[in-house]
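Morning, everyone. I have one structure to go through today, and I will keep to helix packing and a few individual residues. Please have a look at it first.

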Amino acid sequence: FLWRDKKGGARMAMAAASSETDKCPIDKGLDPNDNSLDAQAERYRASPTRRTVFFYNDWRRARSTNRLWRAMRTIPESQVFGQIVSECSVIVLISIAACLLQLHGLNWLAVNLSFFSMGLPCLSLLIVFRTNSSYARWDDARRILGASLNRSRDAARQAVGWFPKTPQGQILKERMMRYVQAWPYSLKCHLRGGPGGCEDDDNLKETLAGILTPDEITLLLQSSHRPMHIMQCMTEIGREGNLPIPAQINLDQNIAAFSDVVGGCERILRTPIPLSYKRMTDRFLMLWLIGLPFSLAMEVTKAGFSVWMTLPVISLTSFLLLSIEEIATQLEEPFSILPMGPYADTCRNNVDGLFV
């Protein structure tokens, strides 16, 4: 294994050369020339405004008295609004057609409004279950990443306290600390990479340039499963350190917890909500919104109001329902919006703090 090669001096020089890059690089897997709505949405999800952690001042702003007006003012800038604007526009055009048909007495497409009233509870249940399921996946991923950060701190603390004070022991301790720092970055690129992923090997090389040696990075990139490779390296370092038996057991438990973290994240990433359930919810929602304008135009006319009152009602209804569905879709895959970069930076800074 490459950590047996004593290249601490080369690593420190490389770390000093890259010390100005404290934050994770932008996602290099995203094509900057792709201007489609989907590509713009993915770039927005990768922006610091979406992947952030909160501190006290952020919470003060989140609960300020003008938060509701700020939320209304930023609707045009909302990424959710940008994702559903095409569907809302189509439904508004259908509403205009429904109003014109009603003005000319051609209301043969209209059905009684009670039909939509009866279908609304079923639609609401589908949307609520979909949103709750997606949020549960996001919350599960957040808890797993939090546990990973705690285990990283614990493994680094054990390395500082238990490795022998001999020159060989100090070399092994320093290498263990570096692999602990590299672990969250490899997990981030593992979950966001792959075919069509938003991160690639360039992201991993750039983030690990000041942590691992060039040979260690090359060996890591040759592995098909980078987090498992780092866990194996940490296991071998612990074995060569000749630690006391209790320390070996505790260190191995932390490494085994890293394996549980990878398994839990891969479970969330690779097993979506059943496609039939999602498609049924989407079809029900779109058919309900497409048919509603014809019935509502007739009811508005019967009530003595202008038929054009249908447009603002349908616009608001479609915006609200489609926004909820879009939020559920975004939360279903949580790793592209969770602040995994700041999590990794926190782990790196915490490990560096142990040497102070």
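**Helix packing and selected residues**

The crossing of α6 and α11 is left-handed. Before I go on with that pair, please note that this is a predicted model.

So, α6 and α11. Helix α6 covers residues 113–162, and it packs with α11 at an angle of about 160°, the axes being 9 Å apart. That angle makes α6 roughly antiparallel to α11, because anything over 145 degrees is put in that class. On the α6 side, the residues in the contact are R137, D140, A141, I144, L145, S148, R151, S152, D154, A155, Q158 and W162. Facing them in α11 are A247, N250, L251, Q253, N254, A257, F258, V261, G264, C265, R267 and I268. Sorted by class, the contact of α6 with α11 has 12 nonpolar, seven polar and five charged residues.

Now the chain as a whole. How many helices and how many strands are there in the chain? There are 14 helices and zero strands. Written out along the sequence, the pattern is therefore just α-α-α-α-α-α-α-α-α-α-α-α-α-α. The chain has 356 residues, and buried residues make up 43% of them. On contacts, take pairs of residues at least 6 apart in sequence: 82% of those contacts join residues at least 24 apart.

Next, helix α8, which I will take with two partners, α7 and α9. Two packed helices are described by the angle between their axes and the distance between the axes, and I will give both values each time.

First partner, α7. Helix α7 runs over residues 167–192, and its axis and that of α8 come within 10 Å and cross at roughly 165°. This makes α7 roughly antiparallel to α8. The α7–α8 crossing is right-handed. From α7, the contact uses A182, Y185, S186 and C189, and from α8 it uses N203, L204, T207 and L208. In class terms, the contact of α7 with α8 has five nonpolar, three polar and no charged residues.

Second partner, α9. Helix α8 is residues 201–208 and helix α9 is residues 214–222; they pack at an angle of about 150°, and their axes are 11 Å apart. Here too the angle makes α8 roughly antiparallel to α9. The way α8 passes α9 is a right-handed crossing. In this contact α8 supplies D201, L204, K205 and L208, while α9 supplies I217, L220 and L221. The class count for α8 with α9 is five nonpolar, no polar and two charged residues.

You will have heard L204 in both contact lists. Is L204 buried or exposed? L204 counts as buried, because its relative accessibility is 1% and the cut-off for buried is under 20%. Leaving out residues up to four places away in sequence, L204 touches Y185, S186, C189, L220, L221 and R226. Taking Y185 from that list, L204 and Y185 are 19 residues apart in sequence, and their C-alpha atoms are 7.0 Å apart in space.

Three more residues, one at a time.

F284 sits in helix α12, residues 275–302. Its relative accessibility is 22%, so F284 counts as partly exposed. Which residues is F284 in contact with, leaving aside its neighbours within four places in sequence? They are G119, C122, L123 and L126. For G119, the separation from F284 is 165 residues in sequence and 9.1 Å in space, C-alpha to C-alpha.

Then Q330, which has its place in helix α13, residues 310–332. Q330 is buried, with a relative accessible area of 6%. What does the side chain of Q330 make a polar contact with? The partner is the side chain of Q79, at 2.5 Å.

The last residue is N242, in the loop between α10 (226–240) and α11 (245–270). N242 is not a glycine, yet it has a positive phi of about 50°. Its relative accessibility is 66%, so N242 counts as exposed.

That loop leads back to α11, where I started, with the left-handed crossing of α6 and α11. I can take questions now.

Methods:
Residues are numbered from 1 along each chain as its sequence is written. This is a predicted model: local features need pLDDT of at least 70, side-chain atom pairs count only at pLDDT 80 or more; totals for chains, interfaces and linings use all residues. Side-chain values use heavy atoms; hydrogens and water are left out. Axes are lines fitted to C-alpha atoms, for helices over the stretch in contact, and angles run from 0 to 180 degrees between N-to-C directions. Helices (H or I, at least four residues) and strands (E, at least two) are DSSP runs, numbered from the N terminus. Angles under 35 degrees count as roughly parallel, over 145 as roughly antiparallel, 65 to 115 as roughly perpendicular and the rest as oblique. A crossing is left-handed if the near helix is turned anticlockwise from the far one by less than a right angle, and right-handed if clockwise. Contact means heavy atoms within 4.5 Å. Ala, Val, Leu, Ile, Met, Phe, Trp, Tyr, Cys and Pro count as nonpolar, Asp, Glu, Lys and Arg as charged, and the others, Gly among them, as polar. Buried means under 20% relative accessible area, exposed over 50%, partly exposed in between (1.4 Å probe, protein chains only). A polar contact is a pair of N or O atoms within 3.5 Å; within protein, one must be able to donate a hydrogen and the other to accept it, and residues adjacent in sequence count only if both atoms are side-chain atoms.
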